[in-house]
Each structure stands twice: as structure tokens, then as C-alpha cells.
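User: Got a minute to go through this one with me? I'd like to start with one helix and then wander a bit.

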Amino acid sequence: MSLEKKDEHDHGAWLKEKDLSPIERGFLVTLIWLDQRFRIVDYLELLENLYYKANLQMPKSHTEQYNLDNKFWYWYPLYSLGFFSTIAYVVAAVSGALLGFYYSPATAGETAAAYEQVIFIMTDLNFGYMLRSIHRWSAQVMTAAVFLHMLRVYFTGAYKEPRELNWLIGIVLISLTMVFGYTGYLLPWNQLSFWAGQIGVEMSLSIPLIGQWVAQLLFGGFTLGQATLQRMYILHVFFLPFVVTTLIAIHIGIVWMQGIAEPH
């Protein structure tokens, strides 16, 4: 991509010659304005060149080899599970962000403040019961969809060369999905949350050599308390969303570059 200044072009006169709808004209005016300042078109051309260079290295898919209709496998139900799990993740993220306006990760008081906030959301907040239900069910749908998606990839052989890296990213994503579910399970700080956390502490302590260190790191000690809830909240709200969103973007980007792996 050259850094030399390009020849000036009369974009206004060029636009006047075209018979464009208001939407098309607005899009082109915006693109021209951005291109004159940030060279958007040059970067788009660079990305396009990289995309085609990457695709030239990929083997032909089953549909390309036998001249089948490429759209068939894209609409095949089992091939929509990845997209379905992504939609469920977005719904869970948005609903969870809205719940965060009313939730407080605190264990102080005769009844834990965290639990009282959950009760307030479920009983007194307008549409609070619906909002928490959407968050809960979208998380469960995401977990099921990711699990089924991994099964589909395995049984259709889509993990094989040249898609090994994306398979490994998928394994990391399904593991982080389990961590997402566990940390979220502890946030209401009710009896189910408490004993699930206690099981987590015991499992951490059972790890040879580093068990006590893991329990202190993840749960703030060997017994549950404010430190435990604070750690689960930070993992669930601040750490995991950024890591998972980044990995999902990379995962989808690789699928976009390599194409859908049809069964052979």
C-alpha cells in the first residue's frame, strides 16, 4: 500500500452523474469522507487481497469438488449450531449487562446483600423476572448449542487438517463456557450457590501439590465468603466476557476464511 498522496478526484461531479437512491448516496458520501481522511478503501483492498491469498492455500471443499450447491450445507440444521450458540451468547451478554445495574456482589448482612438484590430483581423490579429468566435460559441454550456444535464437528471430521487450530479454539471456548456457567451459578449466593461453591473448593483442594494454592486463588481461601463472591463476580463480568468475545471473533474469522467444512 503506497504512502504517496493520490491524485485528487472530483467525487461531487461523479456522484451527480449517477442515478442513486438517498441511501446509496449517503453511503457513498460517508465512505468518500472517511476514505479522504483515513484511507478506508486502501485497507479494505488490503484485507481483500489477504483473504484471497489465504483461500488459495485451502483445499477444495466437498461441494466445490463435485459442483454441489454450496448453500445446502449452510442451511443444514446441524450447521447452524455455531451461529445459534453465538446468538445465545449475545442475548446472555446483553441481559447480563442489564442485570448488573441492580446486582451487588456482597455477602454482608443477616441475609446476604447479593441474595436480597436477586430477590428484588425477581419480585419488585419491572420485567426483572423476565430479564433474569432470559439471561438464565440463554446461558443454558448456549451451553447446549456449544456442546452439540462440538459433537457435530467431531462426527463430521471438521476438526481435521487444515482446521486443527479452530478445533483447539473450540475446545477452549466450550471450557470457558463451563466456567461462565459455574461463576454465574454462584452469584445469587443462595443455598444452591453456596454448596456448589463448597464443592468447587473441595475439588480444588484435591489437586495434588498445588491444591491449596488453587483454592486460595479461585475462592479466596478454604471457606466461602466475600472474597469468593468477589472473585466469581470479577471472573463472570469483567474477565470472561472479553476473553470469550475475542476467541469467538477469531473462531468465526477462521471459519470465514476457510469456509464451512462439509462431511466427506
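**Helix 9 and its surroundings**

Analyst: Sure. In helix 9, the buried residues are N166, I169, G170, L173, I174, L176, T177, F180, T183 and L186. Keep in mind that this is a predicted model.

User: What covers the buried residues of helix 9?

Analyst: The cover includes helix 6, helix 8, helix 10 (191-205) and helix 12 (226-258).

User: And how does the span of helix 9 compare with what it should be?

Analyst: They agree: helix 9 has 23 residues (164-186), which at 1.5 Å a residue should span 33 Å, and its end C-alpha atoms are 34 Å apart.

User: OK, R163 next. Where does it lie, and is it buried or exposed?

Analyst: R163 is in the loop between helix 8 and helix 9. It counts as buried because its relative accessible area is 17%, and the cut-off for buried is under 20%.

User: Which residues is R163 in contact with, leaving aside neighbours within four places in sequence?

Analyst: Those would be A158, Q258, G259, I260 and A261.

User: Switching topic: which residues form the nonpolar patch on the surface?

Analyst: F83, I87, V91, F127, M130 and I134 form it, with about 610 Å² of accessible area together. Helix 6 (81-99) and helix 8 (128-155) are the elements that give two or more residues to it. Helix 6 has the largest share, with 3 residues.

User: Where is F127 in all that?

Analyst: F127 sits in the loop between helix 7 (113-123) and helix 8. Its relative accessibility is 65%, so F127 counts as exposed.

Key
Residues numbered from 1 in each chain as written. Predicted model: local features only at pLDDT ≥ 70, side-chain atom pairs only at ≥ 80, totals over all residues. Heavy atoms only, no water. Patch = residues over 30% accessible without salt bridge, like charges linked within 9 Å, V, L, I, M, F, W, Y side chains within 5 Å. Areas by Shrake-Rupley, 256 points an atom, 1.4 Å probe, with all protein chains shown as cover. Salt bridge = Lys/Arg side-chain N within 4 Å of Asp/Glu carboxyl O. Helix = DSSP H or I, 4+ residues; strand = E, 2+ residues; numbered from the N terminus. Buried < 20%, exposed > 50% of the residue type's maximum accessible area, 1.4 Å probe, protein only. Expected span 1.5 Å × (residues − 1). Contact = heavy atoms within 4.5 Å.
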